[in-house]
Amino acid sequence: LFLFSFMLFAFIFRWEGTALKGNFKTVFSFGKPVASVHKSQVTKTEAWGEFYLLLQAILLFSILIFSWLWSNGFSIYSLRAQILGFIGVFMGLALLIYLKIAGYRLIGTFFLQNEMKSWSTYYSRIMEILGVAAFLPVVFYVYLHEVRNIMLILIAVLFFISRMVIYIELLNIFVKNKISPFYFFVYLCGTEIAPYFLLYKGVLLAITIAGDN
């Protein structure tokens, strides 16, 4: 999986590297609308590249979670249960990410239409960058057990930074549109924090079902 991810990323970057780097720069353009810095024409390779980078982020964190579970007792289960467990973790993460993106677009149909449309793209870019940045730390976590704790801390820091970027940009949207801080707090808890508790429960449920099988 790691080798496949690396080779496919190299292929995409070879053809659309300039566009992807330009897209990533928009993440750090705080206060500047995404639409104003992103080119209007998107090639098929670029679109597929962005879809793959998001999928790669999901795959890497699925491997990370599964490796942690495997080293903490899940290794005693049968191979079939382990495969089902990994699929359950992957599907749970994918469902969380894509439902959040779909939720942003749904909210954008009746609330802050222009901002939320750009926000769904912005959120995807953050996840894509996180997947690229976490690639080597996850590889080291899986194969170099002596540095596992260090890699886990590094991955946690990367994840924390990505969340802070998300919260800052969301706050910028709410402040720019003069929306009450109370609604920002409610929105933040409902769409950015609560889903991770649901993901935690979903992963435990998937592991339990896989173990029973």
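Isoleucine 87 counts as partly exposed, because its relative accessibility is 42%, where buried means under 20% relative accessible area, exposed over 50% and partly exposed in between, with a 1.4 Å probe and protein chains only. This residue lies in helix H4, residues 79-107, helices being DSSP runs of H or I with at least four residues and strands being runs of E with at least two, numbered from the N terminus. The model is predicted, and local features need pLDDT of at least 70 while side-chain atom pairs count only at pLDDT 80 or more, although totals for chains, interfaces and linings use all residues. Residues are numbered from 1 along each chain as its sequence is written, and side-chain values use heavy atoms, with hydrogens and water left out.

Glycine 88 also lies in helix H4 and, with a relative accessible area of 21%, is partly exposed. Leucine 154 has its place in helix H7 and counts as partly exposed at 36% relative accessibility. The table pairs each of these residues with a partner elsewhere along the chain.

| Residue | Partner | Separation along the chain | C-alpha separation |
|---|---|---|---|
| Isoleucine 87 | Phenylalanine 66 | 21 residues | 9.6 Å |
| Glycine 88 | Serine 62 | 26 residues | 9.1 Å |
| Leucine 154 | Alanine 134 | 20 residues | 8.6 Å |

As a whole, the protein chain holds eight helices and zero strands, and 43% of its 213 residues count as buried. Among contacts between residues at least 6 apart in sequence, 76% join residues at least 24 apart, a contact being heavy atoms within 4.5 Å.

Helix H7 covers residues 148-176, and its 29 residues should span 42 Å at 1.5 Å a residue, which agrees with the 42 Å between its end C-alpha atoms; the expected span is 1.5 Å times one less than the number of residues. The buried residues of H7 include Arg148, Met151, Ile155, Arg163, Glu169 and Phe174. Just after H7, lysine 178 takes a positive phi of about 55 degrees.

Helix H6, residues 135-143, packs against H7 at an angle of about 155 degrees, with the two axes 8 Å apart; axes are lines fitted to C-alpha atoms, for helices over the stretch in contact, and angles run from 0 to 180 degrees between N-to-C directions. H6 is therefore roughly antiparallel to H7, since angles over 145 degrees count as roughly antiparallel, those under 35 as roughly parallel, 65 to 115 as roughly perpendicular and the rest as oblique. On the H6 side the contact is made by Pro137, Val138, Phe140, Tyr141 and Val142, and on the H7 side by Arg148, Met151, Leu152, Leu154 and Ile155. By class, this contact has nine nonpolar, no polar and one charged residues, with Ala, Val, Leu, Ile, Met, Phe, Trp, Tyr, Cys and Pro counted as nonpolar, Asp, Glu, Lys and Arg as charged, and the others, Gly among them, as polar.
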